Amino acid sequence: MIAINEIVKLAIQSLLRNKSRSLLTMLGIIIGVSAVILLVSIGQGLQNYITEEFQSLGSDLVVVLPGKVSSSGGASISSAPNIAGSKLTLEDVNRLSLLGGPIESVGAGIETQSRVSYLGKSKYTTVAGVTAEYQKMRNLVTSSGRMISDSDNSSARSVIDIGEGLATTLFGASYPIGKEVTIGSQKFQVVGILSKIGAGGFGVDINSYAVIPITAAQRITGMKTVQAISIKARDKASIPQVISMANKELGKVLKSDDFSVLDSSSLLSTINQILGVVTLALGGIAAISLVVGGVGIMNIMLVSVTERTREIGLRKAVGAKPSDILVQFLIEAVVLSLGGGMIGVAIGALGAWGINHFIATTVTWWSVALSFGVSAVIGVIFGVAPAARASKLNPIEALKYE
């Protein structure tokens, strides 16, 4: 048998003689690996962002969500909150706030997407309707002006707090307090500028949020319900008691399937389980292109066997064994796969870095290792058939091949 280093040398020389074809053959693997890394990094980035957001809210928070949300290990897409079918109302908020005891405060919020405009300038952004307590729980404060107050909500007053990013977009360098912006067809007076928060959220800049009284938000959206209720417990130890009290009180007016009461850690665990499934699904969808790339490698290698029939026959005639031919073609297939895998990893990592300027992304070691490993395995699996075919060629018939 020919020395393995000689076989490797012959395989690489063969690939270099056909650079364009080799690169095109690797293209499927390159696309597949980079797609897996990109999509998984986006899913992982979303998980990390949501985890950080929940941690910033503190561990003494209880959340009431519409629908039945599972907090067990079997969370699935079907256990997500039923925001559209919410039956939670501001009356429920008032009912819970009157319980007292370990419950320090209760707030509620809804979110909608709308265009906020001022003198020809506008931005399509998130408009959050909140109670005064909910705004405090979300750690929102103003750098100038004032916060949304209880009296604003009781009167459904058309006032608004805007993020620094939105203020810059609409007003430039001018002072916005006291001026009126338009949401839909209704005017809202700017009463506060929200302090800058971090570097922005996942996909949207949270510094471009607009915050209005929840009653005003219900008026402009036509909603009569709320999307979430937040309950601040006296301390972390009081959370089980708060959950029990909230379940009992809401159970008087709602069915058990109409709401879920969770502490922030249970809710975070459920959301992360759901996002984990989504991330794996995205990676799986992208991995399909790796299989397509493997089929491409097999097809090109089969064509290569046909084109090099005389060469194979000549090598066999001068002493090359079938195992030598088999190993050479397998090495060529694996080199193509690994080469495509390395290029794909580089493109995927660079793409994730670029996207990270707009939305949060996190490149995980396991997505890189998995993509790279799968690309190597694909080279072996899809290289076997062409290699076996080459090794079985009859040297006499191969030399006669035109």
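This section describes the overall makeup, strand pairing, salt bridges and selected residues of a predicted protein model.

The secondary structure of the predicted model comprises 13 helices and 10 strands. The protein has 402 residues, and buried residues make up 44% of them. Among contacts with a separation of 6 or more, 79% are between residues 24 or more positions apart. The exposed area of the protein is about 19,000 Å², of which carbon and sulfur atoms supply 62%.

Strand 2, residues 103–118, pairs with strands 3, 6 and 9. Its pairing with strand 3 (residues 121–130) is antiparallel and involves 10 bridges. Within this pairing, Gln-113 has Thr-126 of strand 3 as its bridge partner. Strand 9 (residues 228–233) is joined to strand 2 by 6 bridges, also in the antiparallel sense. Here Ser-105 is matched with Lys-232 of strand 9. The pairing of strand 2 with strand 6 (residues 180–183) is antiparallel over 2 bridges, and Val-116 stands opposite Ile-183 of strand 6. In a regular strand, side chains alternate between the two faces of the sheet.

Strands 2 and 3 form a hairpin with 2 residues between them. Leu-119 is located in the loop between these two strands and has a positive phi of about 45 degrees, although it is not a glycine. Most residues other than glycine have a negative phi. Leu-119 counts as exposed because its relative accessibility, 72%, is over the 50% cut-off. A positive phi in a residue other than glycine is also found at Ala-156, where the value is near 50 degrees. Ala-156 lies in the loop between helix 5 (150–154) and strand 5 (159–163). With a relative accessibility of 21%, Ala-156 counts as partly exposed.

Helix 4 spans residues 132–137 and includes Gln-135. The relative accessibility of Gln-135 is 0%, so this residue counts as buried. A polar atom of the Gln-135 side chain lies 3.2 Å from the backbone nitrogen of Ile-148. When neighbours within four places in sequence are left aside, the contacts of Gln-135 are Val-130, Leu-140, Met-147, Ile-148, Asp-161, Leu-194 and Val-211.

Side chains of opposite charge can pair when their charged atoms come close. The whole structure contains 7 salt bridges. One of them is also in helix 4, where Glu-133 and Lys-136 are 3 residues apart and therefore separated by about one helical turn. The closest N and O atoms of this Glu-133 and Lys-136 pair are 3.8 Å apart. Glu-133 is partly exposed, with a relative accessible area of 25%, whereas Lys-136 counts as exposed at 52%.

A further salt bridge links Asp-152 to Arg-146, with a distance of 2.7 Å between the closest N and O atoms. Asp-152 counts as buried because its relative accessibility is 0%. Its partner Arg-146 is partly exposed, with a relative accessible area of 34%.

The side chains of Glu-249 and Lys-252 also meet in a salt bridge, at 3.3 Å from N to O. Glu-249 is buried, with a relative accessible area of 12%, and Lys-252 counts as exposed at 58%. Salt bridges with shared partners place Glu-249 and Lys-252 in one network with Asp-92 and Arg-95.

On the surface, Leu-280, Trp-365, Trp-366 and Leu-370 make a nonpolar patch of about 500 Å². Helix 12 (residues 365–391) gives the most to this patch, contributing 3 residues. Leu-370 is in helix 12. The relative accessible area of Leu-370 is 49%, so this residue is classed as partly exposed.

Note on methods:
Residues numbered from 1 in each chain as written. Predicted model: local features only at pLDDT ≥ 70, side-chain atom pairs only at ≥ 80, totals over all residues. Heavy atoms only, no water. Helix = DSSP H or I, 4+ residues; strand = E, 2+ residues; numbered from the N terminus. Buried < 20%, exposed > 50% of the residue type's maximum accessible area, 1.4 Å probe, protein only. Polar contact = N/O pair within 3.5 Å; in protein donor to acceptor, adjacent residues only side chain to side chain. Contact = heavy atoms within 4.5 Å. Patch = residues over 30% accessible without salt bridge, like charges linked within 9 Å, V, L, I, M, F, W, Y side chains within 5 Å. Areas by Shrake-Rupley, 256 points an atom, 1.4 Å probe, with all protein chains shown as cover. Salt bridge = Lys/Arg side-chain N within 4 Å of Asp/Glu carboxyl O. Pairing = 2+ DSSP bridges.
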